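Q: Please take a close look at one part of this protein and explain, in connected prose suitable for a first-year student, how it is placed in the rest of the chain.
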Amino acid sequence: MERVATCGRRFVLATRQTMTDRPPGFFEGTEMPTAGWWEALWPDPAGVLAAVGIKHGMDVIDLCSGDGWFTLQIAKIARGVTAIDIDPNLLNVARHRLAENGVTNCDFVASDAHALADLVLAPVDFVFMANAYHGVPDRLRLDRAVRETLKTNGRFAIVNWHQRPSSSISRFESYHAG
Ligand SMILES: C[S@@+](CC[C@H](N)C(=O)[O-])C[C@H]1O[C@@H](n2cnc3c(N)ncnc32)[C@H](O)[C@@H]1O
């Protein structure tokens with residue numbers, strides 16, 4: 001595990017990085033996409049956070065935080081954020097993104113998500129996990145770890161893709177094709 005502290009310096013945001021050597025425990029199919037995809041698919045990350053109920057004053061974990069696309073917006077709302085990702089390079093990109101925006105209420109922890117309960121010293125209000133749950137092989141194990149980190153009445157929000165039958169995809173496409 002590697003802990004990367006936030007510092008007050010300004011950084012230029014690096015381009016998105018992907019991991020070439022996946023560590024043991026990496027969730028299948030959860031690599032960050034190439035630059036530009038998230039801006040197109042998630043143009044309103046703050047709107048997503050409002051929809052799932054992240055509110056001012058909360059302590060939040062951004063689980064599998066990637067390069068910080070959602071982490072930055074969480075940090076703008078929450079009292080504090082812990083960003084956890086197995087890829088230290090992506091955490092560095094996230095750290096630079098937040099520093100560039102003058103945001104200092106975030107800790108960055110490089111770790112397997114399953115170790116969550118050992119990483120978090122005090123229970124939190126909210127665990128947020130976007131675009132990664134589809135790759136979790138043992139969801140019950142992860143759910144238990146999340147539950148151990150939450151306060152009573154804490155919430156776990158999973159933002160993820162759903163498989164759709166190809167017929168519904170065609171309908172969607174034809175709708176947009178006019
Ligand atoms: C598709 S990205 C999504 C990142 C971020 N949540 C977002 O939506 O912008 C999935 C992330 O999960 C991380 N990841 C994969 N396996 C992991 C594991 N076992 N523990 C922690 N993070 C993991 C990857 O490194 C990657 O950054």
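A: Asn-153 is a useful starting point: this residue is exposed, because there are 6 other C-beta atoms within 10 Å, and 12 or fewer is the limit for that class. The model under discussion is a predicted one. Asn-153 lies in strand E6, which covers residues 150-159. The backbone angle phi of Asn-153 is near 70 degrees, a positive value in a residue other than glycine.

Further along strand E6 comes Ile-158. Ile-158 is classed as partly exposed, because it has 19 other C-beta atoms within 10 Å, whereas 20 or more would be needed for a buried residue. Leaving aside residues up to four places away in sequence, Ile-158 touches Met-129 and Tyr-133. The C-alpha atoms of Ile-158 and Phe-128 are 6.3 Å apart, although 30 residues separate the two along the chain.

These links lead to the partner of E6. Strands E5 and E6 pair in the parallel sense, over six bridges. Within this arrangement, Val-127 stands opposite Phe-156 of E6. The connection between the strands involves a helix: E5, H6 and E6 form a right-handed β-α-β unit.

The loop between E5 and H6 contains Asn-131. Asn-131 has a positive phi of about 60 degrees, although it is not a glycine. Asn-131 is buried, because 20 other C-beta atoms lie within 10 Å of its own. The two asparagines can therefore be set side by side: Asn-131 is buried, whereas Asn-153 is exposed.

Strand E5 also leads into the interior. In soluble globular proteins, nonpolar side chains tend to be buried together. The largest nonpolar core here has 40 residues, and those touching the most other members are Val-60, Leu-63, Ile-74 and Phe-128. Two or more residues of this core come from each of strands E2, E3, E4 and E5 and from each of helices H3, H4 and H6. The most is given by E5, with six residues. Phe-128, apart from its neighbours within four places in sequence, is in contact with Val-52, Ile-54, Val-60, Ile-61, Asp-62, Leu-63, Phe-70, Ile-74 and Ala-157.

Among these contacts of Phe-128 are Phe-70 and Ile-74, which are listed among the buried residues of helix H3. Seven of the nine residues of H3 are buried, so this helix is largely enclosed by the rest of the structure.

A ligand is also present. Of the 20 residues around the ligand, those that come nearest are Phe-27, Cys-64, Gly-66, Ala-113 and Ala-130. The shell around the ligand consists of twelve nonpolar, five polar and three charged residues.

Finally, the part may be set against the whole. The protein has seven helices and six strands, and along the sequence they follow the pattern β-α-α-β-α-β-α-β-α-β-α-β-α. Of its 178 residues, 31% count as buried. Among contacts with a separation of 6 or more, 72% join residues 24 or more positions apart.

Terms used:
Residues numbered from 1 in each chain as written. Predicted model: local features only at pLDDT ≥ 70, side-chain atom pairs only at ≥ 80, totals over all residues. Core = buried A, V, L, I, M, F, W, Y, C linked by C-beta atoms within 7 Å. Helix = DSSP H or I, 4+ residues; strand = E, 2+ residues; numbered from the N terminus. Contact = placed C-beta atoms within 7 Å. Near = placed C-beta within 6 Å. Nonpolar A, V, L, I, M, F, W, Y, C, P; charged D, E, K, R; others polar. Pairing = 2+ DSSP bridges. Right-handed = clockwise from strand over helix to strand, strands pointing away.
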